[in-house]
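Please give a short tour of this structure for someone who has it open in a viewer. Say what to select at each stop and what is found there.

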Amino acid sequence: MNLRNTACPSGSLLLVFLIAMVGYGQQAADKKSPRDEYRPRRLLRPQPPITHFQLKSADEIGNTLNPAELVVGVTVGDESRAYPLNMLSGPHREIINDTLGERPIAATW
Amino acid sequence: MLWNRSLVMYDAETMSHWSHLLGEAMDGPLRETKLEQIPSVMTTWESWRQRHPETTVLWLPRSSRDYRRGFYREPQRFVLGLADVNPPRAWHFEQLMTEPILNEEVDEQPIVVTFDPDSVTARAFSRTVRGDTLDFERDARGFLDRQTRSLWDRISGKCVEGHYEGEVLEPRLAIVSFRNTWLTFHPETRLPGHNEQD
C-alpha cells in the first residue's frame, strides 16, 4: 500500500508493471532477511500493464464515490491524484502506471 | 494483496521480478534495483478531497466494495511501518487509537506519528521545521506544537493556524501494512511485542 516512482538512475527507463499474483514464499522463523531467499509462487499469468484509464475531477465525481471509500492520495509537484482502493483491488488491477507532476510513477496497492 | 504472501510485480521491459513491499527487484536483469518511493497517504475520499479540491481521481469500474473505513474494524491487524531507518520501526494502530500523536526519535531523527480516527489515517512526519525541532501534543482540531501552540493538520501535516501557518511538515516514507506481512519483510523491526528493547 504505497506508491513507487519508477525513475531509475539510468533516467531513460520507463518501467511498466505487469501484475503477477506470485506469492512470496513464507520464511522459516530464523532471523534471515527475506531478501536472502526469494522463492516466488506463481498463481496467475502476468496481467497486461495498465497504462490508460480515465481521470475525473472532484466535481465530476459528485456522489459517485462514497466519502468513506479509501483512496491512496499522492501529490507530485503541483498535481494531486487519488486512487480509490475499490478500483485497484483484484489481480487485474493492483498497479497503475501513471504520470504525475511530469514524473512516471507506479501506483500500487 | 498484503497478507502473508505479498504481491510480486513484473516490468514489461525486462521481466524482472519486483517485491511490492520492498520496492526492489528480486530477480531478473534489474535485480537489486530499488525504486524510489514517493510519500503517499491512505485515507478516505472525503478527507483527501477536502484537502486537495483540485485533485484528479483514477476512474475504473469498481472491482470491490470492501475498501471503506470499515476495512479497519480489526485495528490489531494493522501497523504504520517505516523502513528507511535502522532498525525499521512500526506502530500498532491500536496504540495510535489511544495515543494519536507520538513524538519519536528514530535513527536520531525527530519524527511525529499522527493518527486521525475519523478517516483512520496514520502518518509520520519530520518534527523539524525551518531548523526548529518541535514537540507536538494532541488537540481535538488536529495537533499543536508546544513551542508556539500553532495548530497542525494530522493528515496533511500542514500548519493551519499560528506562528508556522502555511508550513507543511516533511512526510516520512511510512506505510500502512498488515502487521504480519510487515514483520515478515522487516523482521528486525522494533515494535512492542516484537523485538521490544531498550
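A residue counts as buried if 20 or more other C-beta atoms lie within 10 Å of its own, and as exposed if 12 or fewer do; anything in between is partly exposed. Keep in mind on this tour that the model is predicted.

**Stop 1: the end of helix 3**

Select Phe185(B), which sits in helix 3 (residues 179–185) of chain B. Is Phe185(B) buried or exposed? It has 23 C-beta neighbours inside 10 Å, so it counts as buried. Leaving out residues up to four places away in sequence, Phe185(B) touches Pro34(A), Leu21(B) and Leu22(B). Now add Leu60(B) to the selection: the C-alpha atoms of Phe185(B) and Leu60(B) are separated by 31 Å, and the two residues are 125 residues apart along the chain.

**Stop 2: a loop residue**

Go next to Lys34(B), in the loop between strand 5 (24–27) and strand 6 (36–38) of chain B. Lys34(B) counts as partly exposed because it has 14 C-beta neighbours inside 10 Å. Apart from neighbours within four places in sequence, Lys34(B) is in contact with Gly23(B) and Glu24(B). From Lys34(B) to Ser19(B) the C-alpha distance is 9.8 Å, with their positions 15 residues apart in sequence.

**Stop 3: a sheet of chain B**

Select residues 101–106 and 121–126 of chain B, which are strand 11 and strand 13, the edge strands of an open sheet. This sheet has 3 strands in the order 11-12-13, with antiparallel pairing. Each edge strand pairs on one side only. On average, neighbouring strands of the sheet are turned by 25 degrees against each other, direction ignored.

Add strand 12 (residues 109–116) of chain B. How many bridges join strand 11 to strand 12? There are 6 bridges between these antiparallel strands. For one position in strand 12, pick Ile111(B): Glu104(B) stands opposite it.

**Stop 4: the nonpolar core**

Select Val71(A), Val72(A), Tyr83(A) and Leu80(B). Of the 67 residues in the largest nonpolar core, these four touch the most other members. The core draws at least three residues from each of domain 1 (1–36) and domain 2 (45–185) of chain B.

Stay on Val71(A) and show what surrounds it. Not counting residues up to four places away in sequence, Val71(A) touches Ala82(A), Tyr83(A), Pro84(A) and Leu85(A) in chain A, along with Thr43(B), Trp45(B) and Trp48(B) in chain B.

**Stop 5: chain B as a whole**

Colour chain B by its domain assignment, with domain 1 at 1–36 and domain 2 at 45–185. The centres of the two domains, taken over C-alpha atoms, are 26 Å apart. Chain B has 3 helices and 20 strands. Its C-alpha trace spans about 50 × 45 × 35 Å along the principal axes. The radius of gyration of chain B is 18 Å, which agrees with the value near 16 Å for a compact globule of 198 residues. Buried residues make up 42% of chain B.

**Stop 6: chain A as a whole**

Finally, select chain A, which has 2 helices and 9 strands. Followed from the N terminus, its elements run β-β-β-β-β-α-β-β-α-β-β. Of its 109 residues, 38% count as buried. Among contacts in chain A between residues at least 6 apart in sequence, 55% join residues at least 24 apart.

Methods. Residues are numbered from 1 along each chain as its sequence is written. Chains are lettered from A and ligands numbered from 1 in the order in which they are written. This is a predicted model: local features need pLDDT of at least 70, side-chain atom pairs count only at pLDDT 80 or more; totals for chains, interfaces and linings use all residues. Two strands pair if DSSP finds at least two bridges between them. Helices (H or I, at least four residues) and strands (E, at least two) are DSSP runs, numbered from the N terminus. Axes are lines fitted to C-alpha atoms, for helices over the stretch in contact, and angles run from 0 to 180 degrees between N-to-C directions. Two residues are in contact if their C-beta atoms, placed from the backbone, lie within 7 Å. Domain bounds come from an automatic or database domain assignment. A nonpolar core is a set of buried Ala, Val, Leu, Ile, Met, Phe, Trp, Tyr and Cys residues joined through C-beta atoms within 7 Å. The radius of gyration is taken over C-alpha atoms; the globule rule is 2.2 Å times the number of residues to the power 0.38.
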